[in-house]
Amino acid sequence: MTSKEIFYAAIAGEKADRFPVIAPYSMLSNADHWVEVTGEPVWKYYEWLLSDPDEQVKRYQQFDAAMPFDHFQPWFAPSVQERENVSIIQKEGKFYYKDKRNDTLKPVPNTIHESGSGGGENETRYIFDTGDIKVHIKVEKAEQLVADGHNDYIMASKDAFKDKFIWSGGVVNTFFSCTYYVGMENFYCMLREEPELVMEMSQRIQEKNMETIRALSMAGGDAIYIDDATATTDMISLEMYEKFSLPFLTEQVKEIKRLGKKAVLVYFGGIEDRVEQIVSSGADVLVMEAAMKGFVNDYKAISKQINGRLCLAGNLNPYSDVECLTDEALEALIQEQASYGKLTGKYITSTGSPLTPKTSVARIAKYIEMGRKCKPE
């Protein structure tokens, strides 16, 4: 069976040669190990992010040879206009982005991790009333996103990775996406002080996400993910989750499935008090974080509660388990989680969050090898 066939079997709980093996956001592992795998300096990584689709595929093939996960997760491409107008140049021993549209230079990070997340950690507030929403939250139609070239990397990869289960990309649910426009601390205050404005923002972001989902579906591939960042037990109450997150999440899941794709939910945080609500969304796959930061996501207990109503990926701790355990201890833990998955067959060997930067390529390959020993009953 191909990786794609094995993945579909796991989602359906059908008999397969083995369980799939993944790590969420595998493209981050590609970034972490760019120099090790490609032999190219860091600035070349940023040049690659602006390269043409054929060059993207060439590098993806190198990463896949080194870290052969059962899923493939490409980047959502910059627009053709950006790729044609932005390049990297060297000046006085340093590297810069040169944008010929406005003749500007911007330094290229010295390390890949200097890029930053660019999310809600910026506490600048841009939206104060209804009138600000359409000004700052731009909605582009799916057809325009495709015409601009944002699907190019995904589409170029389909033939090269036809045996892989392709995560075409995804969206961040409305809940965390609000923080991009008001900042994270401001947003959590607004949940109590300005709930109506939060709902208006969420509805606008929902329009934006729906268009992105439709665009991603046009690229082909097998699945689209929704990252429901911070809508977790460690951040908000169940009541707030049901009001501000779940309704929007559920509609996005419905749209993904209407378009013939599998819906993958990603939760980096505690979910133990909202498992039933998550299942009610109708998603196909759930990736949940390992127990940490004061919350407990007990795989055995949550797997038993879900009982095959969706495919629950494993939640190995990427640091304390995959990076730090001995081979024997890690293999035993992988087999233990798989033993619960065997009860329904709806299981994927996985970490609960992205692999750590210091986890070597050799160790990642070993983890994949160990996971592939797990077989449904």
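"Buried" here means under 20% relative accessible area. Keep that in mind for the close-ups below, which all come from a predicted model.

**View 1. Y241, tucked away in helix α14.** Y241 is found in helix α14. With a relative accessibility of 0%, Y241 counts as buried, because the cut-off for that word is under 20%. Who are its neighbours? Setting aside residues within four places in sequence, Y241 is in contact with D228, A231, I236, L246, P247, L249, Y267, R274, Q277 and I278. Have a look for T230 too: it sits 11 residues from Y241 along the chain, and the C-alpha atoms of the two are separated by 9.8 Å.

**View 2. Q252, another residue of helix α14.** Helix α14 covers residues 238–258, and Q252 has its place there. Q252 is buried, with a relative accessible area of 0%. Its side chain makes a polar contact with the side chain of N209, at 3.5 Å. N209 also turns up among the residues that Q252 touches beyond four places in sequence, together with V171, N173, T174, Q206, M210, I213 and I226.

**View 3. Y45 and W48, a tilted ring pair.** A search of the whole structure turns up 24 aromatic pairs. In this one, the rings of Y45 and W48 have their centres 6.0 Å apart and their planes at 45°, so the pair is tilted. Both residues belong to helix α4 (residues 42–48), where they are 3 residues apart, or about one helical turn. Y45 counts as buried at 4% relative accessibility, and W48 is buried as well, at 3%.

**View 4. F175 and F187, an edge-to-face pair.** Here the ring centres of F175 and F187 are 5.0 Å apart, with 75° between the planes, and the pair is edge-to-face. Follow the chain and you'll see that the pair links distant parts of it: F175 is in helix α10 (residues 174–177), F187 is in helix α12 (residues 184–193), and the two are 12 residues apart. F175 and F187 are both buried.

**View 5. A whole cluster of aromatic residues.** Back to Y45 and W48 for a wider look: they belong to one aromatic cluster, along with W34, Y46, Y60, F63, F72, Y97 and F161. Remember Y60, F63 and F72 for the next view, where they help to line a cavity.

**View 6. The largest cavity and its lining.** The structure holds 2 cavities of 30 Å³ or more. About 120 Å³ of space lies in the largest one. Which residues line the largest cavity? They are S26, N30, Y60, F63, D64, M67, F69, H71, F72 and Q73. The elements giving two or more residues to this lining are α2 (26–32), α5 (53–66) and β1 (71–72). Helix α5 provides the largest share, with 3 residues.

**View 7. Cysteines without a disulfide.** A disulfide is a covalent bond between the sulfur atoms of two cysteines. How many disulfides does the model have? The count comes to 0. Take C189: the nearest cysteine sulfur, that of C178, is 14 Å away. The cut-off for a disulfide is within 2.5 Å, so C189 is in no disulfide. C311 is in no disulfide either, and the nearest cysteine sulfur, that of C374, is 13 Å away. As for their surroundings, C189 is partly exposed, with a relative accessible area of 42%, whereas C311 counts as buried at 0%.

Definitions and conventions: Residues numbered from 1 in each chain as written. Predicted model: local features only at pLDDT ≥ 70, side-chain atom pairs only at ≥ 80, totals over all residues. Heavy atoms only, no water. Buried < 20%, exposed > 50% of the residue type's maximum accessible area, 1.4 Å probe, protein only. Phe/Tyr/Trp six-rings, centres within 6.5 Å; stacked < 30°, edge-to-face > 60°. Helix = DSSP H or I, 4+ residues; strand = E, 2+ residues; numbered from the N terminus. Polar contact = N/O pair within 3.5 Å; in protein donor to acceptor, adjacent residues only side chain to side chain. Contact = heavy atoms within 4.5 Å. 1 Å grid on protein atoms, 1.4 Å probe; cavity = no way out; pocket = protein on both sides within 12 Å on 5 of 7 lines; lining within 4 Å. Points joined across faces, edges and corners; volume = space filled by probe spheres on them.
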